Amino acid sequence: MQKSTKALPDIFVVGTGTNVGKTVVSLLLMHLYAGLGAAPRYVKPFQTGCRTPFDTDSDALFISRHSNCRFTVSPEKSTLCCLPQPKAPWFAAGNQGQLIDPAVVFDTFKKLKKSSEPVIMEAAGGLMVPVNANTLVIDLLQKIAIQPILVAHAGLGTINHTLLSLDMMKSRGIKPLGVVLSDPGPDATPLQMVQENTEAIERFSKVRVAGVIHPVKDFAKPDPIHLDLLKNLIPGEKII
């Protein structure tokens with residue numbers, strides 16, 4: 001029996017840092033939710049390294065092109081702020097003589113929640129990235145109160161970065177849905193290392209590692225294995 005779309009949780013896709021695979025995981029969640037009958041809304045509050053939402057490196061454009069959802073928001077409506085410098089939002093905005101107001105993010109989320117459709121929000125960088133002089137990404141996460149999924153690299157160094165991120169969330173009373181490891185290649189992380197990284201993360205954080213997202217061959221039609229991996233993190237959507 002298909003789950004009511006009203007029961008599907010809003011998700012804040014956060015990472016242990018930049019370039020860890022947050023956008024790919026966001027896209028896979030869009031596909032997953034669409035397959036469950038929802039019309040998810042994607043939001044990337046702060047896009048740095050792009051002049052417009054239609055630039056080649058725009059995450060919102062990537063989502064729009066490949067999500068194939070029955071309700072796909074145009075890139076300019078998915079991105080609240082585009083900043084050309086590839087820096088933390090605080091400094092990227094400062095370089096443009098701008099000041100980011102977190103209230104815009106809160107207001108946008110409230111407006112989106114007037115519908116019954118779930119929201120997939122993607123963070124910029126890691127949890128401790130400054131949005132402005134007084135606000136970190138984790139502050140946004142805490143105030144909006146969306147359950148996060150933490151995306152981390154699958155390979156060497158991820159134990160430290162992942163445990164630090166999870167510990168910071170725990171200190172704020174934030175309970176993540178789980179951890180997703182990303183291994184886009186071209187050289188796959190040795191299986192033993194992935195297993196050891198997973199064991200360490202789960203043992204010391206008590207947070208579940210759902211598995212590994214390997215290279216996605218077709219972003220418009222992703223492998224069901226990847227969708228099932230994420231489905232296992234959604235309450236009431238366990239794969240037997």
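**Salt bridges, aromatic contacts and strand pairing**

At 29% relative accessibility, K113 counts as partly exposed in this predicted model. Its partner in a salt bridge is D10, and the closest N and O atoms of the two residues are 3.0 Å apart. D10 belongs to the segment before strand 1, whereas K113 belongs to the loop between helix 5 and strand 4, so the contact ties together parts that are 103 residues apart in sequence. Unlike K113, which is partly exposed, D10 counts as buried, with a relative accessibility of 17%. Because the cut-off for burial is under 20% relative accessible area, the value of 17% places D10 in the buried class.

The D10–K113 pair is one of four salt bridges found in a search of the whole structure. Side chains of opposite charge can pair when their charged atoms come close. A second salt bridge joins K44 to D59, with the closest N and O atoms 3.0 Å apart. This pair links distant parts of the chain, as K44 is in strand 2 and D59 in helix 2, 15 residues apart. Both K44 and D59 are buried. K44 also meets E122 in a salt bridge, at 3.1 Å from N to O. Since K44 lies in strand 2 and E122 in strand 4, this contact ties together parts that are 78 residues apart in sequence. The relative accessible area is 5% for K44 and 1% for E122, and buried is therefore the class of K44 and of E122. K44, D59 and E122 are thus linked in a network of salt bridges.

Strand 4, which contributes E122 to this network, spans residues 119–126 and is mostly covered, with eight of its eight residues buried. Strand 4 runs parallel to strand 1 (residues 11–15), to which it is joined by four bridges. Within strand 4, G126 stands opposite G15. Strand 2 (residues 41–48) likewise pairs with strand 4 in the parallel sense, over three bridges. Here Y42 stands opposite I120 of strand 4. Strand 2 and strand 4 are accordingly connected both by these bridges and by the salt bridge between K44 and E122.

Turning to the aromatic residues, the structure holds two aromatic pairs. In one of them, F62 and F219 adopt an edge-to-face arrangement, with 5.0 Å centre to centre and 75° between the planes. F62 lies in helix 2 (residues 59–66) and F219 in the loop between strand 9 (209–213) and helix 9 (224–231), so the pair ties together parts that are 157 residues apart in sequence. F62 is partly exposed, its relative accessible area being 21%, and F219 is also partly exposed, at 25%.

Helix 1 comprises 14 residues (22–35) and reaches 20 Å from its first C-alpha to its last, close to the 20 Å expected at 1.5 Å a residue. Eleven of these 14 residues are buried, so helix 1 is largely enclosed by the rest of the structure. The buried positions include K22, T23, S26, H31 and Y33, together with hydrophobic-type side chains such as V25, L27 and M30. Just after helix 1, G37 takes a positive phi of about 95°.

In helix 5 (residues 103–112), T108 is buried, with a relative accessible area of 17%. T108 and V194 are 86 residues apart in sequence, and their C-alpha atoms are 38 Å apart in space.

Conventions: Residues numbered from 1 in each chain as written. Predicted model: local features only at pLDDT ≥ 70, side-chain atom pairs only at ≥ 80, totals over all residues. Heavy atoms only, no water. Helix = DSSP H or I, 4+ residues; strand = E, 2+ residues; numbered from the N terminus. Expected span 1.5 Å × (residues − 1). Buried < 20%, exposed > 50% of the residue type's maximum accessible area, 1.4 Å probe, protein only. Pairing = 2+ DSSP bridges. Phe/Tyr/Trp six-rings, centres within 6.5 Å; stacked < 30°, edge-to-face > 60°. Salt bridge = Lys/Arg side-chain N within 4 Å of Asp/Glu carboxyl O.
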